[in-house]
Amino acid sequence: MSAVARPAPSAAIAGDEWPVMRGQSSDAEITDLVLAPLWRTGRVWWMLFAISALGTLLLLFTVTYTVLVGIGTWGNNIPVAWAFAITNFVWWIGIGHAGTFISAFLLLLNQRWRGSINRVAEAMTIFALVNAALFPLLHLGRPWFAYWLIPYPATMNVWPNFKSALPWDVAAVTTYFTVSLLFWYLGLVPDLASARDRAPGRLRRRVYGLFAMGWRGSGFEWKRYHVAYVLLAGLATPLVISVHSVVSLDFSIAQLPGWHSTIFPPYFVVGAIYSGLAMVLVLLLPVRRAFGLYDIITEAHLNAIAKLMLAMGLMLAYSYVIETFISWYSADPFERYTYLAARPLGPYAVVYWIMTALNILSPQLFWSRRLRTNGTALFLASIGILVGMWMERFVIIVTSLNRDFLTSSWHIYIPSWVDWGILAGSFGLFGLLFLLFLRFVPSVAISEVKELRIERENTPEQETRRA
Amino acid sequence: MRDRTWSAGAYMAEFGSARELTDAVRAFSERGYTRLETYSPVPLDSVLPRRRSRLPVAVFIVGAIGGLLSYWIQWYANAYAYPLDIGGRPAHAIPAFLIPTFEGTVLAASLAAFIGFFVIARLPQPWHPVFEIEGFDRATIDRYWLAVDAADPHCAPDRTIRELRALSPLRLVQLEPPR
């Protein structure tokens, strides 16, 4: 006899030897553990907040400067017109993918371990998308005309050209952002009700009550909630695949050597999930430590994410090999030059080799069972993967553009201080949003963790013990 | 069964675990009670009969409309109202239009699922009679409530209270009909 809606967790749960939940905490203790950061703030939080706020100010300054003076303040040139802005855009969008991967994909696959980490991953997705959206807007040069990208009936009678990949991007990214936000909020409703019912003081109770929409946890609400949640998960799942595929089409429908390749959509999606999982770990490991969530986020989670990263890393390595092989096999001199000379030996060879080393070698650590649950190893490897993936975007964009077909049009690209400032500032904004999230929103899906706890009580062994 | 507003009042029992609540629901259903509701911090087994949700149908229809609309906008903009001849490519480019069509479908369907949930669950609802119960705030933390509608044809005040008490709940509360 099971007391909950879904089948009890089986050996299918990641981490065959580690439990997805530990300890004898009661429901109230779990709730209070997760909600604790909402009611009081530590000094570390304020320190990190101050650093992030400074970063955000830097972003504000560099963006204002860019908008006032123009994108001539960037290092961009012709032919390297995309450079940092699009590198950052593709990288941040990619980071976002792991959130939806964890929350939607793994929900449909009934991977119950996702329950204690999906909230952080989804928040990360949303904040990464906020950052990502910034770059193409600035790259327009005249961001105040950004609304021209939207098909609206205008007296000018000029419409977006839907045969171009750029309006596809607009459609894909806005859809992705909206769906991620809806999914996140829907998942939050029962937890916001818990926060409302635990909040000290009238004001906080009011505010959380407002966002909890009057959730009571009635059987009817839960039933309908599950239908809507699974529907949204089903709708978000194809987005995981489609968004970065669409982004990759920006490149692959162009003729440029190094871009014009049919492997791009899967290659980009794999890289996106790869870097996103790395970012999940970079955020999750400190959160786990700071809030003492060791019983809720266990070795099972780290082990599962590490295994996924290893799988993604191997797929990415395969893509690198195939991409290079096909360029040789195509017998196209420009393709061969880009892949076999310009990238490994050209002006950006250092970036290329660091990228290859970081992306292919870092995940190899995770063949070791011990390292898969070692926080330090995971954190360092994740940082390596994040840097490596940023470099991959840079290599794809800059090395292809700076040496295209005609030698006379070749031009080196050097980022300006504004380029660096915006990149650094975007980390500040990301950190700021994430810290606010930790401070005001339950960072673990409390009701899902309680479900896990109840399931654990109702396993067959426990049943027989009770009988 | 829809979410209840307890316009005739209700008898409510508080339990300390999901198992006790599901056992109570099962016992009451077997006795012939039909207007029952549970309140719990986690979703429970489908112990109460519920109508199949119509949300998936609504989501499908709205998604289909979203997809058609997305395609129509593109056709109208690029093939009908303002066709651009770029290198002799067709103005009505079906493969190119399919990508925003897909995105439009997902967007419309997701909005339908999200809004549809709140409409069906009748949320937001800032006030509800159960919020008046002292200590009901633990229903989202660690307490499990069974509510029996006073308008239930099987409900007879004294017997119902006796039957609820037999389940040895933590607390019994009578919810008066709202005035």
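In this predicted model, helix 7 (219-252) of chain A packs against helix 3 (residues 94-120) of chain B at an angle of about 160°, and the axes of these helices are 10 Å apart. Because an angle over 145 degrees counts as roughly antiparallel, helix 7 of chain A is roughly antiparallel to helix 3 of chain B. The crossing of helix 7 of chain A with helix 3 of chain B is left-handed.

On the chain A side, the residues of this helix pair that make the contact are A:R224, A:Y225, A:A228, A:L231, A:L232, A:L235, A:P238, A:L239, A:S242 and A:V246. Helix 3 of chain B contributes B:I99, B:F102, B:V106, B:A109, B:S110, B:A113, B:F114, B:G116, B:F117 and B:I120. By class, the contact between the two helices consists of 16 nonpolar residues, three polar residues and one charged residue.

The helix pair belongs to a contact between the chains in which 58 residues of chain A meet 61 residues of chain B. On the side of chain A that touches chain B, at least two residues each come from helix 1 (27-39), helix 5 (165-198), helix 7 (219-252) and helix 15 (446-457). Helix 7 of chain A provides the largest share of that side, with 17 residues. The side of chain A that touches chain B comprises 32 nonpolar, 16 polar and ten charged residues.

Chain B has two assigned domains: domain 1 (10-52 + 128-175) and domain 2 (55-120). Their C-alpha centres are separated by 46 Å.

Certain loops contain notable backbone geometry. Most residues other than glycine have a negative phi, and most peptide bonds are trans. The table gives the two cis peptide bonds described here.

| Cis peptide bond | Omega |
|---|---|
| A:I78 and A:P79 | about 20° |
| B:L123 and B:P124 | about -5° |

A:P79 is located in the loop between helix 2 (43-69) and helix 3 (83-108) of chain A. B:P124 is found in the loop between helix 3 and strand 3 (144-149) of chain B. A:N110, which is not a glycine, has a positive phi of about 60°. This residue, A:N110, is placed in the loop between helix 3 and helix 4 (118-139) of chain A.

As to confidence, the predictor assigns the complex an ipTM of 0.93 and a pTM of 0.92. The average pLDDT of chain B is 89, and 96% of its residues score at least 70. Where pLDDT is low, the predicted coordinates should not be read in detail.

Technical notes. Residues numbered from 1 in each chain as written. Chains lettered and ligands numbered in written order. Predicted model: local features only at pLDDT ≥ 70, side-chain atom pairs only at ≥ 80, totals over all residues. Contact = placed C-beta atoms within 7 Å. Helix = DSSP H or I, 4+ residues; strand = E, 2+ residues; numbered from the N terminus. Nonpolar A, V, L, I, M, F, W, Y, C, P; charged D, E, K, R; others polar. pLDDT = per-residue confidence, 0-100. Domains from an automatic or database assignment. Axes fitted to C-alpha atoms, helices over the stretch in contact; angles between N-to-C directions. Parallel < 35°, antiparallel > 145°, perpendicular 65-115°, else oblique. Left-handed = near helix turned anticlockwise from the far one by under 90°.
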